[in-house]
Amino acid sequence: MLNIHVCVKQSIDVNTLEFDPDTLRPLVENAEYRIGDTDLNAVEEAVRIKEKMGGKISLLCVGSDVRPAVLREAMAIGADDAYIVSDPLLRNADQWVYANVLAALSKRLGIPDIILCGESSLDDGAYQVGPRLAEELGLPSMTHAVKIEFRDGVIIVERAVEDGVEVLEVGLPAVVSVGLEINTPRLPSLLMIRAASRKPINFVSIQELGLTSDKLTSLSRMGEVKAVKTQRKNIVLTGSLEEIASKVASIIRSEAVMNK
Amino acid sequence: MITAIIFMDDWTFVHELLSTCRALGLDNLVIFSPDELVDVEKAGTYGASEIISYRSPPIPTYVSRLLFQVVSERHPRLVVGLARKNVREVFGRAAQRLGAACANNCIDIEIAGDIIRIRRPVLGGGYVAVQELAGSPVFATLQPDAFKSSPNSSAKKPVVTSIDMTPKNGLIKIIDKRLTEKSGVDLSVAERVVAVGRGFRKKEDLGLAEELAGLLGAEIGCSRPISSDLKWLPEDRHIGLSGKWIRPKLYIAIGISGQIQHVVGVKKAKTILAINNDPNSPIHREADYSVIADLYEFLPVLVRRLREGMGKERG
């Protein structure tokens, strides 16, 4: 029986986020929130491990205003319960603070056999929480995992690095961050979604974790955020396929002339 | 003297990193590098004053301990490296141990008094954030193509010192490494790129796009699912946030929906043509020209039309 913690973040859904065309500022106040893509890969991987090895999966979610509803999909995929630390104190939390809170929460629940994270959050894209959490807990880390296999007390992890795939053996417990390549998260059935509504979601107050104020003080501060704007012509080519093909051919020709 | 530690587990962009540190006014540049890569001449020309070489398996958990040790002794203002997977992991761990700030994938960096200000892509890559990092040292990984190199006129020979670490009770072992098949093409400098996405139903169908690319003298690229999930094309063809950032004169996206993580990689394309049968697909918002048609019906017509045109020109 394995204990598995999966760290998930309530992130801005960057695919529906809009920006003000004049100021280029993201309209965060209208943003929708969801669990990030690679976090869902981590949940799916945990479920696959559980299916083979048996065990229990707990979601760990830390944020300034975590809504339990965003965890529904991850719960339906197969997590057993969830622990949320949600406090306005964490509004400007950076990865140092996130890692400290997650480490304290994981310790409080009892260090599991494996902690899984997404390689990077959907909105902030910092690529830090996995390694920072591992360091804080004094555990080995593996980032960009594309395959995890259990073998008597160790795991064999395949990592996608820039020039290839590395195969490593790692003693447990360990913190493993996964990318999109590792699996395709299952689409939960209606039955799974219904079952998920009965799974316990627990709130843990940040005070209970006993963190000192330096561990809750961000070291970095976000300043201005602006959309990278590119002016495009947005011309839809119309007509029969033949006519459109002729238009495309002349666009390609004129592009070639322009750039000679 | 203000110290910077430059972590080089790959020396490809050593000049860009050293030049960037010099431009920031850092004047004691210490390279931290695996023993087998050390190139004293190269380092000296661009202003390094010292090289600390190490022997350790290239396992981030272990290398981060060495870096922690070096940073604790040298008290640098800044620790920099390339925005690569192992470097980010080494920096994340070392920064946590030191209680230090870290920012990855920076496209700009400046020192402003007590803080270090960087810019980096956020929110899927469609946005750039300014971030201020407090305390000292600060860790930062840089996107190499965003920085320039300039040789140092007062080049000197750096001093080399070495440290050794053989993990005693190795919890982590590298047991194998498979090098990825490479297409041998650098998409980031291609003039014309034809990219394929999930609109293609099977691998064999990519022939349609390859034929078009052949006619145009274009390179083939793809969105992340094609290389990472389906593995129809090698990873170095992947265009987007975690892949290649390209700047061709003409970019043709075929059967690509245009998620922000892909689009960020083509923002610098001069002209974008999108072929996608879904009029609501976000790729159309990012395109100069949109063809709203089934790629399976349209590509053969387009290829025929282009061939006819070429025939005419020749005749």
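A residue counts as buried here if 20 or more other C-beta atoms lie within 10 Å of its own, with C-beta atoms placed from the backbone. The model described below is predicted.

**Chain A and its helix α1**

By that definition, helix α1 of chain A is mostly covered, with 12 of its 17 residues buried. The buried positions include A:Asp37, A:Thr38 and A:Asp39. A:Leu40, A:Val43, A:Val47 and A:Ile49 are also among them. The helix covers residues 37–53 and reaches 24 Å from its first C-alpha to its last, close to the 24 Å expected at 1.5 Å a residue. After α1(A) comes A:Gly54, which has a positive phi near 80°.

Chain A as a whole has 6 helices and 13 strands. Its C-alpha trace spans about 65 × 40 × 40 Å along the principal axes. Of its 260 residues, 45% count as buried. Among contacts in chain A with a separation of 6 or more, 70% are between residues 24 or more positions apart.

**Strand pairs within and between the chains**

Four strand pairs are listed here.

| First strand | Second strand | Sense | Bridges |
|---|---|---|---|
| β8(A), residues 154–161 | β9(A), residues 164–171 | antiparallel | 8 bridges |
| β9(A) | β11(B), residues 172–179 | antiparallel | 7 bridges |
| β12(A), residues 220–227 | β8(B), residues 127–133 | antiparallel | 6 bridges |
| β4(B), residues 78–82 | β9(B), residues 138–142 | parallel | 5 bridges |

Strands β8(A) and β9(A) form a hairpin, with 2 residues between them. Within this pair, A:Arg159 has A:Glu166 in β9(A) as its bridge partner. Strand β9(A) also pairs with β11(B), and there A:Leu168 stands opposite B:Ile174. Pairing between the chains occurs again where β12(A) meets β8(B); in that pair A:Arg221 stands opposite B:Glu132.

The contact between the two chains takes 68 residues from chain B and 65 residues from chain A. On the side of chain B that touches chain A, 33 residues are nonpolar, 15 are polar and 20 are charged.

**The sheet and domains of chain B**

Chain B contains an open sheet of 7 strands with parallel pairing, in the order β5-β9-β4-β1-β2-β3-β10. Its edge strands are β5 (101–106) and β10 (159–164), each of which pairs on one side only. Neighbouring strands of this sheet are turned by 20° against each other on average, direction ignored. In the β4–β9 pair of chain B, B:Val80 has B:Ala140 in β9(B) as its bridge partner.

Helix α1 (residues 14–23) of chain B lies across four strands: β1 (3–7), β2 (28–34), β4 and β9 of the same chain. This helix runs at about 165° to β1(B).

The domain assignment of chain B gives domain 1 as residues 3–164 and domain 2 as residues 187–314. The centres of these two domains, taken over C-alpha atoms, are separated by 36 Å. Their contact takes 4 residues from domain 1 and 5 residues from domain 2. The domain 1 side of that contact divides into 1 nonpolar, 3 polar and no charged residues.

Terms used. Residues numbered from 1 in each chain as written. Chains lettered and ligands numbered in written order. Predicted model: local features only at pLDDT ≥ 70, side-chain atom pairs only at ≥ 80, totals over all residues. Pairing = 2+ DSSP bridges. Axes fitted to C-alpha atoms, helices over the stretch in contact; angles between N-to-C directions. Contact = placed C-beta atoms within 7 Å. Domains from an automatic or database assignment. Nonpolar A, V, L, I, M, F, W, Y, C, P; charged D, E, K, R; others polar. Expected span 1.5 Å × (residues − 1).
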